[in-house]
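Here is a walk through one chain, taken a region at a time. Keep the model open beside the text and turn it as you read.

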Amino acid sequence: MDSEKLNEQWARVRTQIMSYPEVNSAEISAFFSRLEPQAMSDSFLMLTAGNEFIKTWVEQHYLSHIQRALLDLHGVPFAVAIAVDPAQEARATGTPAPQAATPPAPAPAAAVSSPAAPPVSSAPSAPVAAPAAPDFTPTPSAPTADQPFAAPTMPAVPENPVAPASATPESIPTAAAETTEPQPDNPASALTFSNFVIGESNQMAYSLANEVAGKPGRTIFNPLFIYGKSGLGKTHLMRAIQNYIDKTQPHLRTVYADSADFLSKYMEASVAHDREKASFKNFKHYYEEADVLLIDDIQYLQNKKQCLDMVFQLFNSLTAQGKQVVLSADRAPKNIDVDERYSSRFSSGGIVEVRPPDIETKLAIVKRFADECSRNEGFSQCAIPDDIQMYIAENSSSNIRELLSAVSNVFYRMVFSGQSDITVEGARALLENHFSGSMARNLSVEDIQREVESFFKVSHADLISNKRSRSIAYPRQIAIYLCRQLLDLPYEDIGQKFNRDHSTAIYAVTNIETRLKKEREVQEEVETLQKIISEL
Ligand SMILES: Nc1ncnc2c1ncn2[C@@H]1O[C@H](COP(=O)(O)OP(=O)(O)OP(=O)(O)O)[C@@H](O)[C@H]1O
């Protein structure tokens, strides 16, 4: 079959897959554009992917759809093979094919998936460290969010910053091609794609972040909205996007802002406005001049109407100019308590969830971090034994911060006590009060409701009733808040357990979050209940 015919056939397959209601068209656009058809016969289709990650991902998520589409179109079952061809990536990006830094291309020893037999090596489920590749010379990064008024030191922005002559879409290396070279004075520079461990739970987020970093402002993922619970790696991915762009496209100005920091700078500028008229203008100007604006933890700005209006203005103005915006939050846009106009605009590009990691991913992160500790601290003889690594992975909650600090605790105990032969029992004793996740393992909504009812002396019937008196509504909101914090449950499910819809559950959580910041009594009650529940 000649290549024109082959491409035509492949386009038909893609269109057919798009017609299936369960598929995600954004995923198909992102991943299938990185596949090339190589050969096709009456019952066989051979594809190549530019790298192992794309191959694995497609095998894992869409191989059966490709087979189904072929069957629907041709009426016979097809065998489908995907091989890795790094030259393809090089052609697409205009870079030389990777040499030393990427593993040599496995000769097309592709996993052939026939309809009768499942793929031989299809989709290893083990988490993978992100592929690494050519070295980049670190370049000075754009001003930091700590110094938003340092406008005079801004790097010059070319006339057409999004598609400069020197960095056409074709000439930009993919974000997968990267090494870690943290700058010592900037810990955020250590958060890169190459030290992000990819597993089932974050694969999609990694991939979209990667896509955006390679072609900022020039994908359908604008804005890119990354959401997920605390400590799952959202900031890591945002910083990875920024670091990657700073290194590969230094003429683009990237600005990262944590929402809390953004709010405090906004307030400072508002206060200073009376004295110095330019303060507000300078504040806005700093963000307006970004080619890539990344705002982290946007849920923090709910109920901060004026500041949120400012974000929205920036958002509109930047995206209208084809500049990239990346947002993150601990919940999906529809669950953020903001004007619907805002949440629907935030949802207008790519939305991707980072889910809690499975045990394999946790173990891979533990291993990577344990190795880093030994290497970076110069204690190469101090290796955390495998059984302790597994103990940590099994017992930590989904929050990766908890997992990393458990590794640090064990590591420094080994270093300072000279005990390089620490046992699992020793680690267990050391980490006795460390893991919050252990409390959530066997916990149910009913447990939380029961403890809240007994604490506030409210009956179960009242807790789940429509009654709105303060003595009942407040305990109900606390119970909903605790369910969200302690169990990985969607708002919808929590709402149902209280005879409420998901928006009431969101409102309850938001309200308690706001009160927790200001009211000591609420903090004490929540802390006491958390302690009671942790001892169940
Ligand atoms: N997949 C991963 N691979 C390696 N490290 C990770 C991964 N995910 C998270 N981490 C590390 O876990 C820590 C917490 O991650 P991060 O700050 O990105 O979480 P977050 O989702 O932004 O949390 P929050 O919502 O509380 O801000 C960081 O040190 C980060 O580098």
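Is Lys234 buried or exposed? Lys234 is buried, because 26 other C-beta atoms lie within 10 Å, and the cut-off for a buried residue is 20 or more. Please keep in mind that this is a predicted model, so the picture is one of computed positions.

Let us stay with Lys234 for a moment. Lys234 is found in helix α6, which covers residues 234–248. Setting aside neighbours within four places in sequence, Lys234 is in contact with Ile226, Gly228, Ser328 and Val354. One step back along the chain is Gly233, in the loop that runs between β7 (224–227) and α6. Gly233 counts as buried too, because it has 24 C-beta neighbours inside 10 Å. Not counting residues up to four places away in sequence, Gly233 touches Phe196, Asn202, Val354 and Ile400. Val354 therefore appears in the contact lists of both Gly233 and Lys234.

These two residues also come up in a record. An unreviewed UniProt entry lists Gly231, Gly233, Lys234 and Thr235 under "binding site". The model lets you look at the ligand from the other direction: 18 residues surround the ligand, and the closest are Ser230, Gly233, Lys234, Thr235 and Ile400. The elements that give two or more residues to this shell are α6 and α13 (400–417). By character, the shell around the ligand divides into seven nonpolar, seven polar and four charged residues.

Next, some backbone details. As a general rule, most residues other than glycine have a negative phi, and most peptide bonds are trans. With that in mind, find the peptide bond from Asn222 to Pro223, which is cis, with omega near 10 degrees. Pro223 is found in the loop between α5 (203–214) and β7. Asp297 is not a glycine, yet it has a positive phi of about 55 degrees. Asp297 lies in the loop between β9 (292–296) and α9 (305–320), and it is buried, with 20 other C-beta atoms within 10 Å. Asn499 likewise has a positive phi of about 55 degrees without being a glycine. Its surroundings are another matter: Asn499 is exposed, because 11 other C-beta atoms lie within 10 Å, and the cut-off for an exposed residue is 12 or fewer.

Asn499 sits in the loop between α19 and α20, which brings us to α20 itself. Helix α20 (residues 502–518) has 17 residues and reaches 25 Å from its first C-alpha to its last, close to the 24 Å expected at 1.5 Å a residue. Which residues of α20 are buried? They are Ala505, Ile506, Ala508, Val509 and Ile512. Seen down the axis of α20, these buried residues fall within an arc of 160 degrees, so they line one face of the helix. The general reason such a pattern can arise is that an α-helix has 3.6 residues a turn, so residues three or four places apart point the same way. What covers the buried residues of α20 includes α18 (470–486), α19 (491–497) and α21 (520–534). On the other side of α20, Lys517 and Lys518 are exposed.

Finally, step back to the whole chain. The chain has 21 helices and eleven strands. Of its 536 residues, 40% count as buried. Among contacts between residues at least 6 apart in sequence, 74% join residues at least 24 apart.

How values were computed. Residues numbered from 1 in each chain as written. Predicted model: local features only at pLDDT ≥ 70, side-chain atom pairs only at ≥ 80, totals over all residues. Helix = DSSP H or I, 4+ residues; strand = E, 2+ residues; numbered from the N terminus. Expected span 1.5 Å × (residues − 1). Arc of directions from axis to C-beta. Contact = placed C-beta atoms within 7 Å. UniProt positions renumbered as here; feature names shortened; annotations may be inferred. Near = placed C-beta within 6 Å. Nonpolar A, V, L, I, M, F, W, Y, C, P; charged D, E, K, R; others polar.
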